[in-house]
Amino acid sequence: EYWIKTYPENAENARNHELMMLKAVASSRGVIKYFEAGTVTIVSEDGHRHSHPAIKEEYLGGLNIKKYCADHFSETVSILELFVKLAQALEDIEDKAHVIHNDIKSENILMHNGNPIIIDFGISKEEDEETTELHRHFSDKYEAPEKRERGEVTIRSDIYSFGRVIAWCVSQNPNYFKDFPDSLKEIKEKCCQKEPAMRYASFKEVKESLSHLIDSYKKNEIEKAESKKRRKDNIHKILSLSGARNTDDKPSIIMNLRNLAIKYLPFVTTLLYAAGGLLILLTLYLVIWGPTPPKGYIPDLKQDITTVVNDIQKNR
């Protein structure tokens with residue numbers, strides 16, 4: 001299967017530029033493959049035939065990385081590994097082909113067999129190539145400020161766009177990172193620093209930071225699972241009492257109570273925490289807004305103490 005990317009009539013230069021970029025990155029991992037370049041004839045509704053420059057490319061389907069992450073939102077490790085693969089692909093483009101993609105956004109990263117594939121090299125440029133008006137086109141949600149304001153196109157402007165892709169994928173909103181490690185937000189923020197010099201210098205650095213994050217996250221998840229298992233084992237030990245003497249005996253009442261305690265302990269613990277929280281709030285309410293003594297009221301402590309002493313002496 002394949003699809004055909006067409007260009008406006010007489011736009012051979014635009015087609016040839018993208019073809020040159022596709023040839024430059026052909027050996028890189030994670031980029032769309034092309035088959036051939038030529039022209040296609042499109043017949044309009046009024047019967048006129050129009051010849052358009054075109055490139056025949058591999059068919060990938062239409063699922064972009066943002067939609068994929070929305071469908072797999074609970075798979076934290078899988079999404080983090082996806083970002084590593086994307087950083088690896090961009091590292092190959094940068095190091096092997098010396099090409100700046102210049103249009104990194106969710107719509108230009110399609111999913112194929114679980115891997116991100118970068119498409120649309122229409123405004124890409126070689127690192128040492130002079131920036132032209134073609135390269136200055138940008139997408140509002142992803143473009144680096146220096147490109148928007150001054151037309152500067154560098155590897156670091158691609159890194160900025162990569163950070164925006166991370167933000168939109170994990171949250172569908174660039175300012176919200178719920179359910180993901182705080183370190184991922186830190187990586188995104190470093191990618192998206194306003195000053196280019198404050199960002200990562202290369203996609204290799206980005207990839208290494210993401211790989212370290214995954215290792216730390218997996219280690220923490222393993223430790224949490226082991227800790228949970230230890231707590232459960234301790235509960236079993238504490239509540240473990242001699243039950244049935246052989247497999248034919250029916251479970252005793254104590255055994256049933258033990259099993260119920262194990263099953264509902266998390267729920268009971270939650271209730272106790274909630275009750276404690278309510279008690280604290282009630283205490284604060286009584287202290288701050290509770291009933292106050294009548295105006296002018298002054299307790300007669302001396303009289304009260306005298307009464308108590310007299311009562312004690314009488315009871316002797």
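**Entry 1: Asn-102**

I looked up Asn-102 and found it in the loop between S4 and strand S5 (109-112). The model I am reading is a predicted one. Asn-102 has a positive phi of about 75°, and it is not a glycine. I noted this because most residues other than glycine have a negative phi. Next I asked whether Asn-102 is buried or exposed. Its relative accessible area is 2%. Buried means under 20%, so Asn-102 counts as buried.

**Entry 2: His-98**

I then went to the loop between helix H3 (76-95) and strand S4 (99-100), where His-98 lies. His-98 is not a glycine either, and its phi is positive, about 55°. I checked the accessibility of His-98 and got 44%. Exposed means over 50% and buried under 20%, so His-98 is partly exposed.

**Entry 3: S5 and S6**

I followed the chain into S5 and asked how it runs relative to strand S6 (residues 115-118). The two strands run antiparallel, and 4 bridges join them. In this pairing I found Ile-109 opposite Ile-118 of S6. How many residues lie between the strands of this hairpin? I counted 2 residues between S5 and S6. Asn-113 sits in the turn and has a positive phi of about 55°. I also wrote down a general point: in a regular strand the side chains alternate between the two faces of the sheet.

**Entry 4: H5 and H6**

I turned to helix H5 (residues 155-171) and helix H6 (residues 182-191). They pack at an angle of about 145°, and their axes are 7 Å apart. The crossing of H5 past H6 is left-handed. Which residues make the contact? From H5 I listed Ile-159, Tyr-160, Phe-162, Gly-163, Ile-166, Ala-167 and Val-170. From H6 I listed Leu-184, Lys-188 and Cys-191. I sorted the residues of this contact into 8 nonpolar, 1 polar and 1 charged. Lys counts as charged and Gly as polar, so the charged one is Lys-188 and the polar one is Gly-163.

**Entry 5: the whole chain**

Last, I looked at the protein chain as a whole. I found 9 helices and 7 strands in it. The chain has 316 residues, and 35% of them count as buried. Its exposed area is about 20,200 Å², of which carbon and sulfur atoms supply 54%. I also looked at contacts between residues with a separation of 6 or more. Of these contacts, 64% come from residues 24 or more positions apart.

Conventions:
Residues are numbered from 1 along each chain as its sequence is written. This is a predicted model: local features need pLDDT of at least 70, side-chain atom pairs count only at pLDDT 80 or more; totals for chains, interfaces and linings use all residues. Side-chain values use heavy atoms; hydrogens and water are left out. Axes are lines fitted to C-alpha atoms, for helices over the stretch in contact, and angles run from 0 to 180 degrees between N-to-C directions. A crossing is left-handed if the near helix is turned anticlockwise from the far one by less than a right angle, and right-handed if clockwise. Contact means heavy atoms within 4.5 Å. Buried means under 20% relative accessible area, exposed over 50%, partly exposed in between (1.4 Å probe, protein chains only). Accessible areas come from the Shrake-Rupley method with a 1.4 Å probe; for residues, only the protein chains shown count as cover. Two strands pair if DSSP finds at least two bridges between them.
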